[in-house]
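Trainee: Please take a close look at one topic here, the salt bridges, and explain it in one go. I would like to know where the partners sit.

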Amino acid sequence: MLEGKVALVTGASRGIGKAVALRFAAEGAAIAFTHVTPSAAAEQTEQEIAALGVKVKRYVADAADYAATEALVADVVKEFGRIDILVNNAGISQSIPLENYTDEDLDKIMDLNIKAVFTCCKAVAGHMKNNGGGCIINTSSIVSVYGQGLGCMYPASKSAVNGLTRSLSRELGRYGIRVNAVAPGVTRTDMVAALPESMVAPLLQKIPLARMGEAEDIAN
């Protein structure tokens, strides 16, 4: 389905981002992906994608930094020739009681979960307009609808992703750029594994299949 396309996936060294990158590669897309710090997991992801027979390159990047993201997009276009798909997957969760939040906690989650999404969309939009179209997929969360028992700024940041997505779909649609968000439920990732059972159990009770999702479910 994606043969001849180039996808840029943020936060793809593991979890949902990795599953997305592998699924897109299996469909024929060349893959550029980012991770925040050098890691063995990122190297392993690159090797697994390369084994599928497509071009791949990983980048260490801070998506919340616009100048760095602009340079990243320019590097990807130079290396791959184009960007057809942007997947804004990088993000963090929190389980902090309201009264324990610090300015640093607030800035950290808003920088990565919404500022980075905005920054990446801004950086690729001009390129996609010039190409006659493209596809942007933002990772939201089901808690943007239901909320969660601790860490109120995580669902708040994902609600902001929803608003940004709806607005950009209206703004960019006229240029042939589709903008959508995927809002996973409880998915088996390292991020979810770090959450307390008291947060996860009530969410599982709302799932008709009575199980966590897998990263591959979201990628599909």
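**Salt bridges and helix H2**

Mentor: In this predicted model, Asp 84 and Arg 82 join their side chains in a salt bridge, with 2.8 Å from N to O. Asp 84 counts as buried because its relative accessibility is 7%, and the cut-off for buried is under 20%. Arg 82, at 31%, is partly exposed. Elsewhere, Glu 43, Glu 46 and Arg 58 belong to one network, joined by salt bridges that share partners. Within that network, Arg 58 and Glu 46 form a salt bridge with an N to O distance of 2.7 Å. Arg 58 is in strand E3 and Glu 46 in helix H2, so this pair ties together parts 12 residues apart in sequence. Arg 58 is partly exposed, with 26% relative accessibility.

Helix H2 also holds Glu 48, which pairs with Lys 18 of helix H1: their closest N and O atoms are 3.0 Å apart. These two residues are 30 residues apart, and the pair links distant parts of the chain. Lys 18 is buried at 18% relative accessibility, whereas Glu 48 is partly exposed at 28%. The search of the whole structure finds seven salt bridges.

Now for the helix itself. H2 spans residues 40–50, and Ala 42, Thr 45 and Ile 49 are buried in it. Seen down the axis, the buried residues fall within an arc of 60°, so they line one face of H2. In an α-helix, residues three or four places apart point the same way, because there are 3.6 residues a turn. Ala 40 and Gln 47 are exposed on the other side of H2. The cover over the buried residues of H2 includes helix H1 and strands E2 and E3.

How values were computed: Residues numbered from 1 in each chain as written. Predicted model: local features only at pLDDT ≥ 70, side-chain atom pairs only at ≥ 80, totals over all residues. Heavy atoms only, no water. Buried < 20%, exposed > 50% of the residue type's maximum accessible area, 1.4 Å probe, protein only. Helix = DSSP H or I, 4+ residues; strand = E, 2+ residues; numbered from the N terminus. Arc of directions from axis to C-beta. Contact = heavy atoms within 4.5 Å. Salt bridge = Lys/Arg side-chain N within 4 Å of Asp/Glu carboxyl O.
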